[in-house]
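Welcome! Take a moment to look over the sequence and the 3D view, then try each exercise before reading its solution.

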Amino acid sequence: MKNPPSLDQLISALKVLPGVGPKSAQRMAFHLLQKDRGGADRLARALDSALLNLRHCERCNTFSEVPLCNVCADEARKQELLCVVEMPADLLMLEQSRSYDGLYFVLMGRLSPMDGVGPQDLALDKLVARASDGKVQEVVIATNFTAEGEVTAHLIGEMLKAQGLRVTRIARGMPVGGELEHVDPGTLAQAMYERRSLA
Ligand SMILES: [Zn+2]
């Protein structure tokens with residue numbers, strides 16, 4: 001006997017999630033349909049709404065429901081400072097650390113040859129265009145202190161320095177292998193204050 005087509009479709013759809021193979025997709029589908037139909041409904045609606053409403057901010061590339069996110073739209077922020085982070089969660093962490101009042105650019109990823117993520121997969125053209133707006137004077141690179149984050153920082157640094165921009169890197173008060181998302185706001189603030197020029 002075969003699964004009903006709609007069940008097969010659900011299982012197959014769940015496999016788009018990273019790290020989810022056929023077995024876990026099947027477990028998730030059974031859980032949603034049998035144990036948590038309310039949760040399944042919320043998940044379906046949230047996905048639908050997110051797909052419909054979320055775009056990338058025109059300036060900083062983070063997720064936003066409006067063309068210009070609220071950080072980019074805030075004219076009180078220092079227009080001459082641009083901080084590059086990997087993911088929206090990193091931006092939120094830096095905001096929580098209250099150590100930074102410039103603007104951001106969110107790469108939406110990092111270089112990761114092992115996972116097949118190359119320069120063409122990051123919004124590097126958008127970053128160079130954004131940093132070359134004539135107002136930005138310093139680009140602070142705040143990618144993670146992982147091997148991938150460091151390689152990404154190096155590539156971006158070279159690209160931006162070639163544009164004649166001053167490029168700094170947040171300091172290594174961060175643990176080696178450290179991800180911004182998992183560091184306490186105080187440590188992150190210190191790393192921002194002690195940022196240094198990228199050699
Ligand atoms: Zn923005």
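Below are three exercises with worked solutions.

This is a predicted model, in which local features need pLDDT of at least 70, side-chain atom pairs count only at pLDDT 80 or more, and totals for chains, interfaces and linings use all residues. Residues are numbered from 1 along each chain as its sequence is written, and side-chain values use heavy atoms, with hydrogens and water left out.

**Exercise 1. Find which residues coordinate the zinc ion, and work out the geometry of the site.**

Step 1: Look for donors, meaning N, O and S atoms within 2.8 Å of the metal (3.2 Å for Na, K and Ca); water is not among the atoms, so sites may look incomplete. You should find the SG atoms of Cys57, Cys60, Cys69 and Cys72, at 2.3 Å.

Step 2: Along the chain, these donors follow the spacing C-x2-C-x8-C-x2-C.

Step 3: Check the angles among the four donor atoms, which run from 107 to 118 degrees, making the site tetrahedral. Four donors earn that word if all angles lie between 85 and 135 degrees.

Step 4: Cys69 and Cys72 are both buried. Buried means under 20% relative accessible area, exposed over 50%, and partly exposed in between (1.4 Å probe, protein chains only).

**Exercise 2. Place Asp101 and Lys78 in the fold and describe their contact.**

Step 1: The two residues form a salt bridge, with their closest N and O atoms 3.4 Å apart. The term stands for a side-chain nitrogen of Lys or Arg within 4 Å of a carboxyl oxygen of Asp or Glu.

Step 2: Because Asp101 sits in the loop between helix 4 (88–97) and strand 4 (102–106) while Lys78 belongs to strand 3 (residues 78–85), the pair ties together parts that are 23 residues apart in sequence. Helices (H or I, at least four residues) and strands (E, at least two) are DSSP runs, numbered from the N terminus.

Step 3: Asp101 is partly exposed, at 38% relative accessibility, and Lys78 is partly exposed at 37%.

**Exercise 3. Decide whether Glu138 is buried or partly exposed, and trace its salt bridges.**

Step 1: Glu138 counts as buried because its relative accessibility is 10%.

Step 2: Glu138 pairs with Arg195 in a salt bridge, the closest N and O atoms being 2.6 Å apart. Glu138 lies in strand 5 (residues 138–141) and Arg195 in the loop between helix 7 (185–193) and strand 7 (196–197), so the pair ties together parts that are 57 residues apart in sequence.

Step 3: Arg195 is partly exposed, at 26% relative accessibility.

Step 4: Add Arg166, and you have a network of salt bridges linking Glu138, Arg166 and Arg195.

Terms used:
Tetrahedral: all angles 85-135°; square planar, octahedral: opposite > 155°, others 65-115°.
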